[in-house]
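Ready for a few exercises? Have a look at the model below, then work through each task before reading its solution.

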Number of protein chains: 2
Amino acid sequence: MALVFRRWASSTPSKAHLHKPLHENSFPIGFKLTGIHVGVKKNKELLDLGVVLSTSQHPTSAAACFTRNAFKAAPVIVSDNVLARNGGRARGFVVNSGCANAVTGKQGLEDAWAMVKHTTALLPSQAAKEDTEHDALVMSTGVIGQNLPISKIVAGIRRAADSLGSDFAAWERAAKAFMTTDTFPKLRSRVFSINGVEYRLAGMDKGAGMIHPDMGPLSTIPSSPRQLHATLLGCILTDAAVSPRSLQSALTYAVDRSFNSISVDGDMSTNDTIIVLANGAAAPIRDGRAHEIDEETDRDSYEIFKKELTDFAVDLAQLVVRDGEGATKFVAVKVQGAPNYKDAHAIASKISTSALVKTALYGEDANWGRILAATGSVPLSSSPNSEEVPVINPSKVSVTFVPSDGTAELPVLVNGEPENVDEDRAKQILSMEDINIVVDLGLGGDGEATYWTCDFSYEYVRINGDYRS
Amino acid sequence: MALVFRRWASSTPSKAHLHKPLHENSFPIGFKLTGIHVGVKKNKELLDLGVVLSTSQHPTSAAACFTRNAFKAAPVIVSDNVLARNGGRARGFVVNSGCANAVTGKQGLEDAWAMVKHTTALLPSQAAKEDTEHDALVMSTGVIGQNLPISKIVAGIRRAADSLGSDFAAWERAAKAFMTTDTFPKLRSRVFSINGVEYRLAGMDKGAGMIHPDMGPLSTIPSSPRQLHATLLGCILTDAAVSPRSLQSALTYAVDRSFNSISVDGDMSTNDTIIVLANGAAAPIRDGRAHEIDEETDRDSYEIFKKELTDFAVDLAQLVVRDGEGATKFVAVKVQGAPNYKDAHAIASKISTSALVKTALYGEDANWGRILAATGSVPLSSSPNSEEVPVINPSKVSVTFVPSDGTAELPVLVNGEPENVDEDRAKQILSMEDINIVVDLGLGGDGEATYWTCDFSYEYVRINGDYRS
């Protein structure tokens with residue numbers, strides 16, 4: 001392979017389709033938003049502050065999953081605090097890019113609270129509200145250990161009121177405000193219905209490095225150590241009405257199967273946050289208020305909502321991997337035949353973060369030996385019902401490359417025996433942008449998990465050897 | 001930083017000092033060895049088969065640590081089997097490079113046994129021996145999933161008898177036979193004494209990729225799952241006499257603190273093996289036989305031997321990191337103030353394998369935020385005496401860069417507060433080839449561990465995107 005730097009830019013054909021135009025009527029109603037430049041980033045053409053507000057008359061439910069890193073950034077601590085104070089309600093959020101407000105001590109917390117307060121001030125007042133000052137969440141991404149230029153940010157939040165909108169351009173501006181090393185804004189929407197009522201989902205997120213999230217709710221699981229990190233941010237907005245507790249449990253479920261199953265570089269950040277807001281603007285009215293979907297009182301509706309949210313989260317998570325720093329390949333690693341989901345997920349994660357597997361993918365080399373070595377380096381967990389720890393049996397393991405164009409699969413290892421691989425065919429499959437790898441442990445269990453990752457390129461080294469300068 | 005490929009070659013000044021000339025009288029007596037080309041590698045100028053034999057009249061003790069990967073290569077299974085059969089005795093070994101004989105099924109095992117048998121045939125016969133056919137160990141390194149060209153190898157082992165020697169040239173030939181992507185042969189020796197008796201240690205090893213070993217004895221720990229991997233190989237030879245069980249326990253201790261604390265790319269191999277042979281050629285004679293050091297009957301001598309072996313193993317392990325694929329930096333990561341050794345080791349390992357930390361080191365960027373993020377992503381283990389899981393307290397963590405030239409340390413984070421870092425001074429420290437990072441968790445525990453790693457460069461991607469072609 002030549003020493004060519006294959007770079008994805010938003011102008012290249014392969015990137016263009018990722019930022020596809022969306023129909024305005026597929027966006028949730030009852031939200032106003034914008035993205036502007038306030039000066040966190042040096043380049044004045046780049047947006048660095050986004051504001052999203054619910055204009056619905058109904059209560060807006062909010063839920064979030066935060067990083068499990070021990071070094072939680074100020075915005076994570078503050079957003080978690082707002083959610084806990086307000087019982088899972090919040091009517092908007094503010095996001096800045098360029099500075100993570102992480103490892104910034106007391107000043108960092110004050111700055112994050114100021115962002116919450118000034119964003120809340122943009123919301124229409126609500127009479128019955130107890131805490132009228134803190135009704136918004138906050139997210140930050142960028143360099144760690146630097147304080148925010150808070151006066152610029154506060155002035156920016158005030159100024160944001162002038163450009164709030166709900167057309168496609170407004171959505172796109174907000175999506176752009178999330179970006180750091182991302183090469184394109186990440187914005188998706190979809191329409192679904194429950195019991196004949198049509199709802200909409202829209203989502204924005206960003207990567208593109210320090211991506212190996214492990215997120216969960218903080219306040220609602222007090223035994224979980226408080227942790228945060230810095231580079232996966234995302235939001236999902238819907239005009240459905242969902243009770244706060246059900247919104248949180250649906251999000252936790254969705255995040256485990258989407259954002260917690262992606263890796264760009266194996267590094268967990270201090271700021272990772274996914275927020276969901278459900279403003280009820282499209283919900284049926286019962287007894288004068290929006291009828292909220294709830295997992296206990298209306299299980300069927302909840303299951304539909306959870307499935308839609310999960311599928312949508314997978315779409316958003318995959319976009320992050322597709323735009324992974326230096327990525328030239330989008331790779332799905334499926335592990336099956338494992339004793340349980342946890343083992344399958346751990347092995348898929350290990351394969352997805354292996355530097356040797358990822359450089360081989362960059363080199364379009366069907367080096368399944370590296371996949372096996374990564375697989376075999378993960379100790380399996382013991383079963384809760386027995387003291388016996390299951391062991392991978394090399395003679396039962398199979399590895400298959402599944403082409404993304406629907407043509408025939410290419411088994412490279414069957415029951416531990418290497419196949420006589422047609423190298424030309426292997427090269428053909430690996431030259432595609434999308435690659436699927438299936439590892440079957442053959443242990444007879446129903447443990448199955450899919451991880452999404454990208455390759456490791458020169459460009460990744462360039463971006464990260466050179467990030468701050 | 002410019003897009004320059006900084007490559008280490010054995011001819012560059014920075015590499016030359018690593019392959020320093022050694023005095024002949026520092027090599028252990030009673031060994032004959034060689035390295036030749038037999039045709040596993042295509043290039044005829046490269047050596048690919050090494051043979052080491054003990055010529056001592058005394059029993060030679062042997063011990064080994066093998067990879068814990070689930071996919072154990074044939075030579076690992078066979079060497080473990082020989083050690084178990086012979087009660088920790090073996091008088092030599094054979095090593096080949098270019099083909100790992102891993103994932104090669106029944107044929108692979110037959111080939112490894114053939115290597116053992118033909119190497120044993122080179123040894124002087126011993127009358128009292130029960131198994132006269134299997135008195136040697138075997139190691140292989142190279143590509144996974146291909147069968148060895150066994151007839152070439154067997155012919156080569158026979159031919160090796162012609163060039164066996166004990167001069168420096170013979171040691172160097174043997175060291176060269178280990179090499180794959182290594183840029184220089186790795187050979188070290190040292191002299192030590194116990195109770196006035198002088199002994200010698202010599203060692204050879206190889207990397208340079210798929211280096212993140214976790215090795216232990218196999219047969220002697222039946223509950224440990226059998227595993228192996230492919231790219232760290234090494235041997236230590238001594239003319240001391242040590243009982244088999246004490247040789248194994250000293251090696252296990254030494255490997256935990258040396259080879260099991262290095263990383264080049266975070267990938268554990270299927271063949272990793274460290275062998276030690278103690279032939280007793282320099283040992284004092286008591287009751288007509290070499291007096292063996294033993295941990296139960298002569299604790300003091302054993303402790304001296306163990307310490308010498310450990311220090312020597314650290315030297316050999318560091319050589320592998322220094323020659324890590326694409327490496328331009330040699331980095332020591334020390335974690336202290338942790339609740340216990342296990343937590344300190346896990347955090348040092350995570351920092352040492354972080355792609356973001358390693359690319360920052362390549363870019364000579366004092367990006368301590370990435371070090372913190374890696375630190376915070378490791379969950380601490382619970383104490384065996386309490387159900388409480390300790391948690392990293394961000395306000396107690398300190399990070400310091402310690403220059404390798406003995407000048408003043410550079411604290412970048414003190415008790416969770418970022419220092420006002422002099423960027424010029426940081427650049428100066430990071431421009432050195434050797435870099436030391438100290439992370440103090442401040443948790444008051446005596447858990448402390450050091451890991452050795454290298455940076456992540458363009459060259460790493462080139463080597464591994466292009467390995468098989």
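Contact here means heavy atoms within 4.5 Å. Keep in mind that this is a predicted model.

**Exercise 1.** Work out through which surface the copies meet.

Solution. Start with the interface residues of chain A: 100% of them are also interface residues in chain B, so the copies meet through the same surface.

**Exercise 2.** Find how chain A can be laid on chain B.

Solution. Two copies of a chain are related by a rotation about an axis and a shift along it. For this pair, a turn of 180° and a shift of 0.0 Å along the axis lay chain A on chain B with an RMSD of 0.0 Å. The two copies are thus related as by a two-fold rotation axis. Want a landmark? In chain A, the C-alpha nearest the axis belongs to A:Tyr458, 2.7 Å from it.

**Exercise 3.** Describe how helix H2 and helix H3 of chain A cross.

Solution. First, locate them: H2 of chain A covers residues 74-85 and H3 of chain A covers residues 105-120. Next, their axes come within 8 Å and cross at roughly 50°, which makes H2(A) oblique to H3(A). The crossing is right-handed. Then look at who touches whom: H2(A) contributes residues including A:Ile77, A:Val78 and A:Val82, while H3(A) brings in, among them, A:Leu109 and A:Trp113. By class, this contact has nine nonpolar, two polar and one charged residues.

**Exercise 4.** Decide which stretches of chain A to read with care.

Solution. Begin with the overall picture: the mean pLDDT of chain A is 88, and 89% of its residues reach 70 or more. Residues 1-17 of chain A, however, have pLDDT below 50, and so do residues 220-230 of chain A. Where pLDDT is low, the predicted coordinates should not be read in detail.

Methods:
Residues numbered from 1 in each chain as written. Chains lettered and ligands numbered in written order. Predicted model: local features only at pLDDT ≥ 70, side-chain atom pairs only at ≥ 80, totals over all residues. Heavy atoms only, no water. Axes fitted to C-alpha atoms, helices over the stretch in contact; angles between N-to-C directions. Helix = DSSP H or I, 4+ residues; strand = E, 2+ residues; numbered from the N terminus. Parallel < 35°, antiparallel > 145°, perpendicular 65-115°, else oblique. Left-handed = near helix turned anticlockwise from the far one by under 90°. Nonpolar A, V, L, I, M, F, W, Y, C, P; charged D, E, K, R; others polar. Least-squares fit on C-alpha atoms with pLDDT ≥ 70 in both. pLDDT = per-residue confidence, 0-100.
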